[in-house]
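I am opening a fresh notebook page for this structure. Come along while I look things up one by one.

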Amino acid sequence: MTDKPRIVVSTGAGISAESGIKTFRDADGLWENYPVMDVASADGFARNPALVHQFYNERRAALGKAMPNKAHLLLKELEDRFDVFVITQNVDDLHERAGSSNILHLHGELTKVRALDDDSLTFKLGYNEATTPETVIDGHRVRPHIVFFQEAVPMFEPAVELAATADIFVIIGTSLVVYPAAALLNYVKAGTPIYYIDPAPSRVPAGVTVIRKPATEGMEELARLLLEKYPEKD
Ligand code: APR
């Protein structure tokens with residue numbers, strides 16, 4: 001346990017937008033031209049598992065060509081002065097590749113698949129590795145390690161516990177419309193400063209300080225502000 005102030009950050013698709021990865025809700029219900037409920041819901045997976053495997057194979061290959069951006073890197077740099085914990089709705093690995101030390105994925109991870117018969121058994125894939133419903137790894141058929149719509153969010157409880165430990169809570173690039181992730185800010189201790197970086201927030205919860213900028217510029221502004229507000233202890 002360090003005596004550094006703790007920043008808990010909740011990130012969504014917007015933090016990866018400047019890395020070239022599309023967000024969800026500015027594409028009128030399509031995700032890379034697929035209807036979201038065909039490729040990101042339990043019903044869609046039951047209906048056409050081959051399409052869902054193919055969809056995440058395509059997303060994984062695209063991720064291999066994307067790079068973390070300045071916003072991801074600034075979150076890593078804040079670790080010099082703060083205890084930084086990232087809770088992300090994103091399934092990309094850009095926070096990992098930026099070097100963040102503490103990352104909790106609420107909606108799963110694109111670079112992993114898991115055994116159909118054992119949720120706790122995950123397998124890491126390379127960006128260009130593809131799976132189908134017939135793929136067998138270590139004797140197990142597999143599925144994308146993604147939380148589909150209509151499925152539980154098992155990491156929400158640990159995320160709530162983390163949010164409650166925040167000295168500072170930061171929201172970056174999420175439309176705050178998908179629950180339970182959108183409810184995380186309700187679990188911070190009373191009086192905890194909350195900053196929200198988003199160029200076009202769909203709603204602004206009461207008491208939240210909004211930085212109406214893209215993640216890269218907004219993180220530069222927030223980092224300056226926090227480093228001033230929390231000077232290095234000599
Ligand atoms: N920098 C910061 N924020 C941005 C940028 C940017 N460059 N560009 C867009 N945004 C903002 C948008 O204004 C919007 O508020 O990012 C947010 C993206 O919202 P969504 O597309 O709804 O993405 P997200 O909130 O992460 O979706 C939550 O929904 O589809 C499911 O499981 C999926 O994790 C996803 C969840």
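These entries go through the chain and then the ligand.

**Entry 1, the model.** I noted before anything else that this is a predicted model.

**Entry 2, the domains.** I looked up how the protein chain is divided, and I found domain 1 (1-21 + 68-107 + 153-234) and domain 2 (23-65 + 109-146). I then checked the spacing: the C-alpha centres of domain 1 and domain 2 are 26 Å apart. For the contact between them, I wrote down 15 residues from domain 1 and eleven residues from domain 2.

**Entry 3, where the ligand sits.** I asked which pocket the ligand takes up. The ligand fills the space of the largest pocket.

**Entry 4, the shell.** I found 20 residues surrounding the ligand. The closest are Phe-24, Arg-25, Thr-174, Ser-175 and Asp-198. I sorted the shell by character and got nine nonpolar, eight polar and three charged residues. I also looked up where the shell comes from: domain 1 and domain 2 each supply at least three of its residues.

**Entry 5, polar contacts.** Which residues have N or O atoms facing oxygen atoms of the ligand? I started with Asp-198, where a side-chain N or O atom is 2.6 Å from a ligand oxygen. Next I took Phe-24, whose backbone has a polar atom 2.7 Å from an oxygen atom of the ligand. Then I added Ala-200, with a backbone N or O atom 3.4 Å from a ligand oxygen.

**Entry 6, cover.** I finished with the ligand's surface: taken alone, the ligand exposes 740 Å², and the protein buries 88% of that.

Notes: Residues are numbered from 1 along each chain as its sequence is written. This is a predicted model: local features need pLDDT of at least 70, side-chain atom pairs count only at pLDDT 80 or more; totals for chains, interfaces and linings use all residues. Side-chain values use heavy atoms; hydrogens and water are left out. A residue is near a molecule or strand if one of its heavy atoms lies within 4 Å of it. A polar contact is a pair of N or O atoms within 3.5 Å; within protein, one must be able to donate a hydrogen and the other to accept it, and residues adjacent in sequence count only if both atoms are side-chain atoms. Accessible areas come from the Shrake-Rupley method with a 1.4 Å probe; for residues, only the protein chains shown count as cover. On a 1 Å grid over the protein atoms alone, a cavity is a set of points where a 1.4 Å probe fits but cannot get out, and a pocket is an open set with protein on both sides within 12 Å along at least five of seven lines; lining residues have an atom within 4 Å of a point. A molecule sits in a cavity or pocket if more than half of its atoms lie within 2 Å of its grid points. Ala, Val, Leu, Ile, Met, Phe, Trp, Tyr, Cys and Pro count as nonpolar, Asp, Glu, Lys and Arg as charged, and the others, Gly among them, as polar. Domain bounds come from an automatic or database domain assignment. Contact means heavy atoms within 4.5 Å.
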